[in-house]
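This briefing concerns aromatic contacts, charges placed over rings, and the relation between chains. Please consult the sequence and structure shown here alongside the points that follow.

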Protein chains: 2
Amino acid sequence: MMVARIRLTDGPDLGNTTYAQVVHGPDQSFSYLPIDDPFRRDAVSAPVTRPVPAAHAELQAPCEPRVVLGMAHNTGPDDRLLAPQAFHKSPHSVIGPGRSIELEPEQTQVDGEAELAVVIGTRARRLTPETALAAVYGYTCANDVTDRAAQVSDSRWTEAKSRDTFTPLGPWIRTDLDPTDLTVLLSDQRDRGTPAHMTDLARNVTEVLVYLTSVLTLYPGDVVLAGAPGRSLRLRPGDTSQVSIAGIGDLVNPVRQTETTPPTAELVNITHSGKVAHR
Amino acid sequence: MMVARIRLTDGPDLGNTTYAQVVHGPDQSFSYLPIDDPFRRDAVSAPVTRPVPAAHAELQAPCEPRVVLGMAHNTGPDDRLLAPQAFHKSPHSVIGPGRSIELEPEQTQVDGEAELAVVIGTRARRLTPETALAAVYGYTCANDVTDRAAQVSDSRWTEAKSRDTFTPLGPWIRTDLDPTDLTVLLSDQRDRGTPAHMTDLARNVTEVLVYLTSVLTLYPGDVVLAGAPGRSLRLRPGDTSQVSIAGIGDLVNPVRQTETTPPTAELVNITHSGKVAHR
């Protein structure tokens, strides 16, 4: 089953957001069948009940995680020599398909990374190799956007990974999928990319989940980025970055330059009395 | 105003959770006056409407952040020489007053740190020194529990900072407070602690918010830990760790050893086919 989160762009329920099953029609067409929020026990009924034609809906990020974790150095067999290590991405950095990845003018070393996103379905703590995959609701595509320059200067990676729009997710969640041997592809309008395989990762999804839940509890709707098995691609304004995973679909996001230039904290020196001294 | 989040432990609304204003009575007594969720525009009305005696309620963490950020190296004037740096704590690590901080048997180098927690009240991006404090809903006490051993082995600090129960918050949010010159005290049953002052931090609350929102957007209910102006205290099972901030109150949490020993990921080697090889 494919589960999307959609916002209605037409009809009497205009503006409503709901989870929905993706239903394929007789030809290439498909529609959305609204369902209750699969990540909340206390979910109220879906705000829409009739099937929604694809043209009347806009895909949103397919879940609303409170926690998004990525795996550091999980890109090749040699990384197995290192202890597993996780980083947070801000859940506010999540965007849906079609939304723009935004770069500040000074951000010239930002890469896209194509990764399998694991969407958690149950409260998950101390998972074992035998129970890990049973805690998964499904899988979607992620673009783990990363500022390489900030990654060097900020060892916590918050500046590199947690900026607004740096975690595109979508287009929808596939609930029945074996994550051990998927093909993952990152491409843009210049570069068709090179297919990579989940088997190229240092640690597979089961190992990642066993590690993470040995440290902390994950909850329904949380997202784990499993690591990038392939190479990254530099993002520039005007690009169209695409993550494709066989069996799920394509996640496409344009790249653009942020419109406003931020005031930087370095320009002012604020005294502890709250006074501002420009220098 | 003091704003708490309470769970009712008695009466017809047993089990309900609501935000509430703390109302002081004629003597030392106080009660709670339920209010709507201050962090949601679409908040439904509070589930309880009558005043609740203090004895009929249990304090919860005073907000439900999606993002909890702390400031690295913001503990003394010398830290101003370093660029500001933020780390995430999992929002699932948040616990309320009275709840236990849990340590695994092997965690013998875990410290408490007393910090001012800044609770965000508005969508906040590119704050300036002039606008920063206007984005704040209020302030509460935080215990930024940190595993020193994990801090050394995991440079992303996820293992050191994001474990379950590692972010006690409370007892309530004070909405009218000047954060520039507060006294912060960490103590336990052995050590009365040494009062520290917010003016001892390398960067004050305004500077921290200007920096963070130059990188990313904060939303209502998000929490920023401003840094520990004083020394930390080692936590051991059986301890009672207390954070006291003048003008807010006391946040008290017992420390205990986790009851179950976790299965560790290192014990098994999982092949990419999903098979498990014990070694």
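In this predicted model, Phe30(A) has a relative accessible area of 26%, a value that makes Phe30(A) partly exposed because buried requires under 20% and exposed over 50%. Trp172(A), by contrast, is buried, at 11%.

**Aromatic pairs**
- Over all chains, ten aromatic pairs are counted.
- In the pair of Phe30(A) and Trp172(A), the ring centres are 5.8 Å apart and the planes stand at 90°, so the arrangement is edge-to-face; the cut-off for that class is over 60 degrees.
- Phe30(A) belongs to strand S3 (residues 30-35) of chain A and Trp172(A) to strand S14 (residues 167-174) of chain A, so the pair ties together parts 142 residues apart in sequence.
- One aromatic cluster is formed by Tyr19(A), Phe39(A) and Tyr137(A).

**Charges over rings**
- Arg156(A) has its charged end over the ring of Trp157(B), at 3.7 Å from the ring centre.
- Arg156(B) has its charged end over the ring of Trp157(A), at 3.7 Å from the ring centre.

**Relation between the chains**
- A turn of 180° with a shift of 0.0 Å along the axis lays chain A on chain B, with an RMSD of 0.0 Å.
- This relation is that of a two-fold axis.
- Of the interface residues of chain A, 98% are also interface residues in chain B, so the copies meet through the same surface.

How values were computed:
Residues numbered from 1 in each chain as written. Chains lettered and ligands numbered in written order. Predicted model: local features only at pLDDT ≥ 70, side-chain atom pairs only at ≥ 80, totals over all residues. Heavy atoms only, no water. Phe/Tyr/Trp six-rings, centres within 6.5 Å; stacked < 30°, edge-to-face > 60°. Helix = DSSP H or I, 4+ residues; strand = E, 2+ residues; numbered from the N terminus. Buried < 20%, exposed > 50% of the residue type's maximum accessible area, 1.4 Å probe, protein only. Lys NZ or Arg CZ within 6 Å of the ring centre and 35° of its normal. Least-squares fit on C-alpha atoms with pLDDT ≥ 70 in both. Contact = heavy atoms within 4.5 Å.
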